[in-house]
Amino acid sequence: MIRIVCVKEYPQYLEAAADYFSAIWKVDKQLYVDSMTESLTADKPYPRWYIMFDEDEIIGGCGVVDDDFMADSDFCPWLCALFVDPDCRGEGLGARLLNHAVKEAGKAGLDVLYLNTDHTGYYEKCGWQYVGDFPHINGDSTRVYSIKT
């Protein structure tokens with residue numbers, strides 16, 4: 001059975017979620033721990049971290065954060081770190097995660113979310129609008145999308 005939980009509501013999953021995202025994205029685990037820990041007491045509607053389970057196994061997730069490694073941007077907040085395990089793809093689970101995060105952001109009072117990616121086509125199919133190309137902190141240009149919640 002597939003389910004999506006928010007780390008803020010299920011803090012017992014914080015360490016496992018931080019391990020998962022760190023392993024997937026090759027980003028220092030402490031950055032995830034710090035953001036997820038902040039989410040437990042944040043007065044604003046982000047950061048938020050969502051993890052998708054199949055039974056007791058994490059198979060995907062995403063976050064909503066104030067900055068997603070953009071070099072210079074006035075956009076905020078960002079949907080970040082969307083990932084579904086390759087063995088679980090092709091079943092609409094990525095879109096399900098996206099929709100869940102967008103819906104929760106809207107319920108929390110956010111009007112819009114942004115994301116950056118090098119993918120073309122996927123996010124458009126999920127209702128996201130291309131905003132333009134902007135500099136990433138790694139020096140590359142990245143595609144930025146937005147969606148109204």
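Where is the place of E55?

**View 1. E55 is placed in the loop between β2 and β3 of this predicted model.** Numbering starts from 1 along each chain as its sequence is written, and side-chain values use heavy atoms, without hydrogens or water. In this prediction, local features need pLDDT of at least 70 and side-chain atom pairs pLDDT 80 or more, whereas totals for chains, interfaces and linings use all residues. Helices (H or I, at least four residues) and strands (E, at least two) are DSSP runs numbered from the N terminus. The phi angle of E55 is near 60°, a positive value for a residue other than glycine. With a relative accessibility of 52%, E55 counts as exposed (buried is under 20% relative accessible area, exposed over 50% and partly exposed in between, for a 1.4 Å probe and protein chains only).

**View 2. A81 in strand β4 also has a positive phi.** Its value is near 60°, in a residue other than glycine. A81 belongs to strand β4 and, at 16% relative accessibility, counts as buried. Most residues other than glycine have a negative phi.

**View 3. Cis peptide bonds precede P47 and P77.** Y46 and P47 are joined by a cis peptide bond with an omega of about 5°. P47 is located in the loop that connects α2 with β2 (48–54). A cis bond also links C76 to P77, where omega is about -5°. P77 occupies the loop between β3 (57–65) and β4 (78–84). Most peptide bonds are trans.

**View 4. Helices α1 and α2 cross at roughly 140°.** Helix α1 comprises residues 14–25 and helix α2 residues 29–41, and their axes come within 8 Å. Axes are lines fitted to C-alpha atoms over the stretch in contact, with angles from 0 to 180 degrees between N-to-C directions. From α1, the residues that meet α2 are L14, E15, A17, A18, D19, F21, S22 and W25; their counterparts in α2 are K29, Y32, V33, M36, T37 and L40. Contact means heavy atoms within 4.5 Å.

**View 5. S22 is a buried residue of helix α1.** The relative accessible area of S22 is 15%. Neighbours within four places in sequence set aside, S22 contacts V27, D28, K29 and Y32. Of these, K29 and Y32 are among the α2 residues that meet α1.

**View 6. The buried residues of helix α2 are Y32, V33, S35, M36 and S39.** Elements that cover these residues include α1, β2 and β3. Y32, V33 and M36 are also among the α2 residues that meet α1.

**View 7. The largest nonpolar core contains 26 residues.** A nonpolar core is a set of buried Ala, Val, Leu, Ile, Met, Phe, Trp, Tyr and Cys residues joined through side-chain atoms within 4.5 Å. L79, L113 and W128 touch the most other members of this core. At least two residues come from each of β1 (2–6), β2, β3, β4, α3 (93–107), β5 (112–117) and β7 (141–148). The greatest contribution is that of α3, with 6 residues. Apart from this core lies another, of 23 residues, which includes A17, V27, C80 and A81.

**View 8. The surroundings of L113 include L79 and W128.** Residues up to four places away in sequence are not counted here. On that basis, L113 touches V64, P77, L79, A101, V102, A105, W128, Y145, S146, I147 and T149. P77, in this list, is the proline that follows C76 across a cis peptide bond.

**View 9. L97 is a buried residue of helix α3.** The relative accessible area of L97 is 1%. Beyond its neighbours within four places in sequence, L97 contacts I4, M52, G60, G61, C62, L82, F83 and V84. L97 and L79 are 18 residues apart along the chain, and 11 Å separates their C-alpha atoms.

**View 10. Y122 is a partly exposed residue of helix α4.** Helix α4 comprises residues 122–125, and the relative accessible area of Y122 is 32%. With residues up to four places away in sequence excluded, Y122 touches L82, G94, A95 and L98. One of these, G94, is 28 residues from Y122 in sequence, with a C-alpha to C-alpha separation of 9.7 Å. L82 appears among the contacts of Y122 and also among those of L97.
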